Amino acid sequence: MRRIISSIIIWLLAFNAASAQFTKVELQAAGLTCSMCSKAVDKQLRTLDFVDSVGIDLSHATFMLFFKKDKPIAFDQIKKKVEDAGFSVAKLKATYRFDNFKVESNSSFTYSTSTFYFLNATSTTLNGATTFKIVDKGFVSDKEYQKYAPQIGTKATVGNSLIHTYHVII
């Protein structure tokens, strides 16, 4: 019984620590032609319960998302909100705070219900805030996706819950 309780406590602590690890996302939207278009995307992004604030760079059609503490980030929801506004994601870069994480070829890390696989990674150790780009379909242009498509897998399901799988480059 103690072993089960200890496992549950460790899992909860790991989940809480992981939920605060993403610090920001830089998102570039494709198809924006005016400030009203940017406003539509901004309005959609602000409805996400884990988003604390959104900054906009109109000249580059870029949005900087900052997150609330202790709220897990859902990248598929971010993409969906951009699409709901009538646009697509051209680029999504996320900043994650690592603590002595060793990256090897085909390394991965888990955050909440998501697994992030490093593509073409060289052996290194990540410490502190590190920015990486998600290169899955819908998170980069179609042309860039084709470059990584042969290395990218699909989402896997476990029981009734969906495990989101993302492929990233540093």
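# A guided tour from helix 3 into the nonpolar core

Begin at glycine 86, which adopts a positive phi of about 100° just after helix 3. The model on display is a predicted one.

From there, select helix 3 itself, residues 75-84. Its buried residues are Phe75, Asp76, Ile78, Lys79 and Val82. Look down the axis of helix 3: these buried residues fall within an arc of 160°, so they line one face of the helix. The spacing has a general background: an α-helix has 3.6 residues a turn, so residues three or four places apart point the same way.

Next, select phenylalanine 75 and tyrosine 166. How are the two rings of phenylalanine 75 and tyrosine 166 arranged? Their centres lie 5.8 Å apart with the planes at 70°, so the pair is edge-to-face, given that planes over 60 degrees apart are classed this way. Phenylalanine 75 belongs to helix 3 and tyrosine 166 to strand 9 (residues 161-169), so this pair links distant parts of the chain, 91 residues apart. Both ring-bearing residues are buried, phenylalanine 75 at 1% relative accessibility and tyrosine 166 at 2%.

Keep tyrosine 166 selected and add phenylalanine 139. These two also form an edge-to-face aromatic pair, with 5.7 Å from centre to centre and 85° between the planes. Phenylalanine 139 sits in the loop between strand 7 (124-134) and helix 4 (142-148), whereas tyrosine 166 is in strand 9, so the pair ties together parts that are 27 residues apart in sequence. Phenylalanine 139 counts as buried, at 2% relative accessibility. Now display lysine 79, which lies over the face of phenylalanine 139, 5.8 Å from the ring centre.

To see the wider aromatic setting, select Phe22, Phe75, Tyr96, Phe98, Phe101, Phe109, Tyr111, Phe116, Phe118, Phe132, Phe139 and Tyr166, which form one aromatic cluster. Aromatic pairs in the model number 23.

Move now to leucine 92 in strand 4 (residues 88-103). Is leucine 92 buried or exposed? Leucine 92 has a relative accessible area of 0% and is therefore buried, the limit being under 20%. Beyond its neighbours within four places in sequence, leucine 92 is in contact with residues including Val25, Phe75, Ile78, Phe132 and Phe139. Valine 25 is 67 residues away from leucine 92 in sequence, yet their C-alpha atoms are 6.8 Å apart.

Widen the selection to the nonpolar core. Which members of the largest nonpolar core touch the most other members? Of its 38 residues, they are Phe22, Phe75, Ile78, Leu92, Phe116 and Phe132. Strand 4 supplies the largest share of this core, six residues. Centre the view on phenylalanine 22: leaving aside neighbours within four places in sequence, its contacts include Phe67, Ile73, Phe75, Ala94, Tyr96 and Phe116. A second, separate core has seven residues, among them Leu119, Val135, Ile152 and Ile169. In soluble globular proteins, nonpolar side chains tend to be buried together.

Finish at helix 2, residues 35-45, where Cys37, Ser38, Val41, Asp42 and Leu45 are buried. Viewed down the axis of helix 2, the buried residues fall within an arc of 135°, so they line one face of the helix. These buried residues pack against strand 2 (51-57), strand 3 (62-67) and helix 3. Rotate to the face of helix 2 turned away from its buried side to find the exposed residues Met36, Lys39 and Lys43.

Terms used
Residues are numbered from 1 along each chain as its sequence is written. This is a predicted model: local features need pLDDT of at least 70, side-chain atom pairs count only at pLDDT 80 or more; totals for chains, interfaces and linings use all residues. Side-chain values use heavy atoms; hydrogens and water are left out. Rings of Phe, Tyr and Trp (its six-membered ring) pair if their centres lie within 6.5 Å; planes under 30 degrees apart count as stacked, over 60 as edge-to-face and the rest as tilted. Helices (H or I, at least four residues) and strands (E, at least two) are DSSP runs, numbered from the N terminus. Buried means under 20% relative accessible area, exposed over 50%, partly exposed in between (1.4 Å probe, protein chains only). A charge sits over a ring if NZ of Lys or CZ of Arg is within 6 Å of the ring centre and within 35 degrees of the ring normal. Contact means heavy atoms within 4.5 Å. A nonpolar core is a set of buried Ala, Val, Leu, Ile, Met, Phe, Trp, Tyr and Cys residues joined through side-chain atoms within 4.5 Å. The arc is that of the directions from the helix axis to the C-beta atoms.
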